[in-house]
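Here is a report on one protein model. Please read it with the sequence and the coordinates open.

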Amino acid sequence: MSQSSICLRLAAGALAALSGTATAQIATGPNSANDGYLRIVPDAYGAWSSTTFGGGGDMFNPAGAFGPLEAVFSSGFYLFAGAERTLLTDIPDWQNASTAGVSDFARIIVAPNALSDTNLDGVDDTAMSTFDAFSPNVNLRFQLTQHVENVAAGVSVLTQTYVITNQGAAAVEFTMVRNVDADLPWTGGANFFADDEVGTSMHGAGLGTFVFQQEVGDGATAITFSSQQGNDYYAGKRGVNPGGGPVPFDYGSDTEIFDNNGIPSNWRNFVAGVGAGTNGVSGAAPVGSLSPQDGFIGMDFGFALASGASTTLVVTHTFGQNTPFTATPVCEPDLTTGAIPGQPGYGVPNGILNNDDFFYYLAQFAAGNLAVADLTTGAIPGQPGYGVPNGILNNDDFFYYLAIFAAGC
């Protein structure tokens with residue numbers, strides 16, 4: 001890509017960013033006093049950081065008497081392709097701390113966060129954006145949908161769906177690492193960020209790749225990061241040196257991941273105080289940890305895309321339990337209790353499939369609500385992308401819904 005074309009795209013991206021806000025607040029409802037209330041202010045890249053770290057922060061209210069407080073110091077993706085690397089956020093404090101301001105990619109917000117209220121409770125719960133990350137060798141477009149939902153008593157989920165397209169002329173391989181640096185505030189006083197524990201129970205669970213961070217012994221305060229597409233995970237406490245090196249765990253938003261072009265080799269599938277490739281929990285101060293024992297979790301994802309090809313990555317943060325939330329029972333075409341906007345149960349599945357569900361889908365399709373109506377890449381069963389959302393709403397989605405509605409549950 002020529003220097004002039006990069007300059008033109010940087011200018012276009014700056015103009016696009018001016019047309020809306022880079023960050024946008026989404027929440028599970030209007031009342032922060034409710035158990036499980038979750039509010040996040042993510043940017044258009046799907047990252048967010050604490051108000052003390054240059055971001056818009058978050059708020060979670062775990063079940064019980066603790067009350068709503070900010071829970072995450074930072075959560076966001078690194079992108080690596082060969083020797084090229086970037087942190088996918090524009091938050092200056094975070095970039096300075098984690099990358100020393102270095103980036104081999106240009107990051108451009110093509111379409112800033114657009115908000116919607118999918119359950120019509122008067123509070124936006126979904127944000128959609130588009131951004132590009134490109135370098136002399138890589139040109140990727142990301143279409144992102146972020147949705148928060150209270151799914152059970154005291155439990156809420158942020159689901160982030162990235163549709164990634166290779167806009168370059170050549171095939172590309174790249175890795176993404178999601179790092180979640182939670183600083184759980186409900187115990188520990190002034191040292192609250194150092195008394196959390198990290199762990200996993202994914203081995204043998206059949207729930208995909210997941211790691212969690214929680215107040216000691218209290219799953220109601222947990223944040224679990226998960227994906228069915230995850231490769232290797234890590235769960236760190238500052239000072240612990242997995243396998244004796246070469247890279248010890250440090251502060252959760254420090255430079256180790258960026259400096260090593262991905263997860264350091266000795267961190268892979270390692271839980272501080274537990275070991276590699278096994279279930280367990282670190283405790284607040286595992287052997288080898290150094291004060292303050294900051295905790296953090298994450299995992300990586302690998303991709304190979306031909307020119308013009310796309311893939312979909314789905315990741316979740318489950319707030320309020322130390323396993324990923326799994327909705328049961330699953331009846332895909334069951335979308336609502338009733339078809340009248342504003343009525344109780346509108347947009348809430350009830351385990352019954354009837355015409356209310358069909359007319360609800362029709363209304364969401366007509367309104368262009370991708371969070372509900374984007375269901376598939378194509379309408380032919382057995383073809384690649386069947387039943388996989390692609391960030392585009394068209395007749396394929398309508399006929400896909402018609403087919404699963406007719407099939408029943």
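The sections below cover confidence, strand pairing, two polar residues and the salt bridges.

## Model and confidence

This is a predicted model, in which local features need pLDDT of at least 70 and side-chain atom pairs count only at pLDDT 80 or more, while totals for chains, interfaces and linings use all residues. Residues are numbered from 1 along each chain as its sequence is written, and side-chain values use heavy atoms, with hydrogens and water left out.

The predictor's confidence in each residue is its pLDDT, on a scale from 0 to 100. The protein chain has a mean pLDDT of 91. Of its residues, 94% reach 70 or more. Residues 1-21 stay under 50. For that stretch the model has 23 contacts (heavy atoms within 4.5 Å) beyond four places in sequence.

## A three-strand open sheet

Helices (H or I, at least four residues) and strands (E, at least two) are DSSP runs, numbered from the N terminus. Two strands pair if DSSP finds at least two bridges between them. Strands of a sheet pair through backbone hydrogen bonds, either parallel or antiparallel.

One open sheet has three strands in the order 1-2-4, with antiparallel pairing. Its edge strands are strand 1 (26-27) and strand 4 (58-60), each of which pairs on one side only. Two antiparallel bridges connect strand 1 with strand 2 (residues 38-40). Ile26 has Ile40 in strand 2 as its bridge partner.

## Strand 5 and its partners

Strand 5 (residues 72-81) is largely enclosed by the rest of the structure, because nine of its ten residues are buried. Buried means under 20% relative accessible area, exposed over 50%, and partly exposed in between (1.4 Å probe, protein chains only).

Strand 5 pairs antiparallel with strand 11 (residues 172-182) over eight bridges. Tyr78 is matched with Val177 in strand 11. Strand 3 (residues 48-49) is joined to strand 5 by two bridges, also antiparallel. There, Ser49 has Ser74 as its bridge partner. Strand 6 (residues 84-87) pairs antiparallel with strand 5 over four bridges, and Phe80 is matched with Arg85. Strands 5 and 6 form a hairpin with two residues between them. In the turn, Gly82 has a positive phi of about 60°.

## Strand 20 and Gln160

Strand 20 (residues 310-319) has seven of its ten residues buried, so it is largely enclosed by the rest of the structure. Ten bridges join it to strand 10, running antiparallel. Thr161 stands opposite Val314 of strand 20. Strand 14 (residues 218-227) pairs antiparallel with strand 20 over four bridges. Ile223 has Phe319 as its bridge partner there.

Gln160 sits in strand 10 (residues 155-166). Is Gln160 buried or exposed? Its relative accessibility is 0%, so Gln160 counts as buried. Its side chain joins that of Gln146 in a polar contact of 2.9 Å. A polar contact is a pair of N or O atoms within 3.5 Å; within protein, one must be able to donate a hydrogen and the other to accept it, and residues adjacent in sequence count only if both atoms are side-chain atoms. Leaving aside neighbours within four places in sequence, Gln160 is in contact with residues including Arg178, Val314 and His317.

## Thr118 in a loop

Thr118 lies in the loop between strand 7 (106-116) and strand 8 (126-134). Thr118 is buried, because its relative accessibility is 10%. Its side chain makes a polar contact of 3.0 Å with the side chain of Asp125. Beyond four places in sequence, the contacts of Thr118 include His147, Tyr360 and Asn369.

## Salt bridges

A salt bridge is a side-chain nitrogen of Lys or Arg within 4 Å of a carboxyl oxygen of Asp or Glu. By this rule the count is six.

Asp90 pairs with Arg107, with the closest N and O atoms 3.1 Å apart. The pair links distant parts of the chain, 17 residues apart: Asp90 in the loop between strand 6 and helix 2 (92-99), and Arg107 in strand 7. Asp90 is partly exposed, at 40% relative accessible area. Arg141 and Asp132 meet at 2.8 Å, N to O. Arg141 is partly exposed at 26%, whereas Asp132 is buried at 2%. Arg238 and Asp250 form a salt bridge at 3.4 Å, N to O. Arg238 is buried at 16%, and Asp250 is partly exposed at 22%. Asp232, Arg268 and Asp300 are linked in a salt-bridge network.
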